[in-house]
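Here's a quick tour for anyone meeting this structure for the first time. Keep the 3D view open and follow along as we go from sheets to helices to a pocket.

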Amino acid sequence: MKKSIDAVYIHIPFCQNICSYCDFCKIYYQEKIVDKYLSMLEMEIKNKYQNDIITTLYIGGGTPSCLSDKELRKLFRIIKIFKLSSSCEITFEANVESLDLSKIKLLKENGVNRISLGMETINSKLQKIINRKTSKTEIINCINNLRNNDIYNINLDLMYALPSETVTDLLEDLTFLLSLDVPHISTYSLILEDHTKLKIEGYKQIDSDLDYYMYNIITNTLKSKSYIHYEVSNFSKSNYQSKHNLKYWNNCEYYGFGAGASGYINNIRYDNTRSITKYLNGKTVMDEELLTIKDIINYEVILNLRTNEGIIKENFKNKFNISLDKLFKYKTLVKDGFLVENYKQVFVNEKYIYVLNEIILKFLSTLQTNVYDDTILTLTVL
């Protein structure tokens, strides 16, 4: 029996400006390439989409908002291929400087009900380092335009631990961000990825103690303003969690379309090529990995523990036909305070979220290999 897949990610790799920290698949906007790209995207969707009812659709990049009105209309004509549920969450990533009133109206007309804006920082010194230019006035005007067009579900990205950033700089960013009263905030500590301009130019990570101090300032400040820390990097007001991203963290399957997109279908995780040339020539998928049951269980643990709900024990047993505590001997981590357990769930103690990866590795190391056996573990979703 075919599994239903209800989430879609679409990657738009074009940007008018390339940020110096960005490691995503992207190229400078070129009108002649955009049209060919969208035609190839349509072909990929028609070849792979299996008429599932879609409940979350995420259009990311790159910078989707750098497309012209005409190009966006073509994109939304393509999106009409999908059978969208009446309550489908449709997220569109944008930069403030390319999201004018005309585009906002166009997005609203085409069902977009959630916007994710890349603010990163409003400090001009730091903006110069990461190659961005966005003023407070532009951000305020953009958010007002969104709200005036009945788009209230807005996320703002905040980047911290930037080279030479001080605590004062961070507090100024936080104060401005909170003044906007958006319902969702994503926070990211700068990672210097290979092949990015910052890494090539020799920038270094800030001191780890300062990074941790900044993380605590962000967490405590946002929680004091009624934001729920529902995932390691994400905060929301009540009922404004990203439904699409929760699909990832709940280890659900999803379609990924476009160059550089990733997907998870029928127990296969795949990555599309990051080469725009190859993508335009129809060579979409670059890597595929058929997951074993053990792989799927590991992903379940890794992704679930990123959230404040953690692993729901009943869901785990229903999915894998074995109880969590029979498969993993994690009780020492509970005793030592790294994990919290109740009758319903197991989750990471918030004061240790900053070292989440270390705790996950410790958890996975408690796998009982004498219990694990492909013949006794059955995925009920298969």
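## Two sheets and a pocket

Let's start with a pair of strands: E12 and strand E13 (residues 268-272) run antiparallel and are joined by four bridges. If you'd like one spot to zoom in on, look at Gly-263, whose bridge partner in E13 is Tyr-270. Bear in mind that this is a predicted model.

That pair belongs to an open sheet of three strands, ordered E12-E13-E14, with antiparallel pairing. Strand E12 (262-265) and strand E14 (285-290) are the edge strands, and each of them pairs on one side only. On average, neighbouring strands here are turned by 20 degrees against each other, direction ignored. Helix H11 packs on this sheet and touches E12, E13 and E14. The direction of H11 makes about 105 degrees with that of E14.

Now for the other sheet. It's open too, has nine strands, and mixes its pairing; the order is E9-E10-E8-E7-E6-E5-E4-E1-E11. Which strands stand at its edges? They are strand E9 (228-231) and strand E11 (255-257); each has a single partner strand, so one side of each is left without a neighbour in the sheet. Neighbouring strands of this nine-strand sheet are turned by 20 degrees against each other on average, again ignoring direction.

Inside that order, strand E4 (residues 53-61) pairs with strand E5 (residues 83-94) in the parallel sense, over six bridges. One place to look is Ile-54, which has Leu-84 as its bridge partner in E5.

Helices lie against these strands as well. Helix H1 (residues 31-48) packs on the sheet, touching strand E1 (7-12) and E11. Helix H8 (residues 208-224) lies across strand E7 (153-160), strand E8 (184-189), E9 and strand E10 (234-236). Here are the helix angles side by side:

| Helix | Reference strand | Angle between directions |
|---|---|---|
| H11 | E14 | about 105 degrees |
| H1 | E11 | about 155 degrees |
| H8 | E7 | about 155 degrees |

Last stop: the second largest pocket, with a volume of about 480 Å³. Which elements give two or more residues to its lining? Those are helix H11 (293-304), strand E15 (311-312) and helix H12 (313-320). So H11 turns up twice on this tour, since it packs on the three-strand sheet and also helps line the pocket.

The lining is made up of 26 residues, and Asn-250, Asn-251, Cys-252, Glu-300 and Lys-319 lie nearest the pocket's centre. Sorted by class, the lining has eleven nonpolar, ten polar and five charged residues.

Methods
Residues numbered from 1 in each chain as written. Predicted model: local features only at pLDDT ≥ 70, side-chain atom pairs only at ≥ 80, totals over all residues. Heavy atoms only, no water. 1 Å grid on protein atoms, 1.4 Å probe; cavity = no way out; pocket = protein on both sides within 12 Å on 5 of 7 lines; lining within 4 Å. Points joined across faces, edges and corners; volume = space filled by probe spheres on them. Nonpolar A, V, L, I, M, F, W, Y, C, P; charged D, E, K, R; others polar. Pairing = 2+ DSSP bridges. Axes fitted to C-alpha atoms, helices over the stretch in contact; angles between N-to-C directions. Contact = heavy atoms within 4.5 Å.
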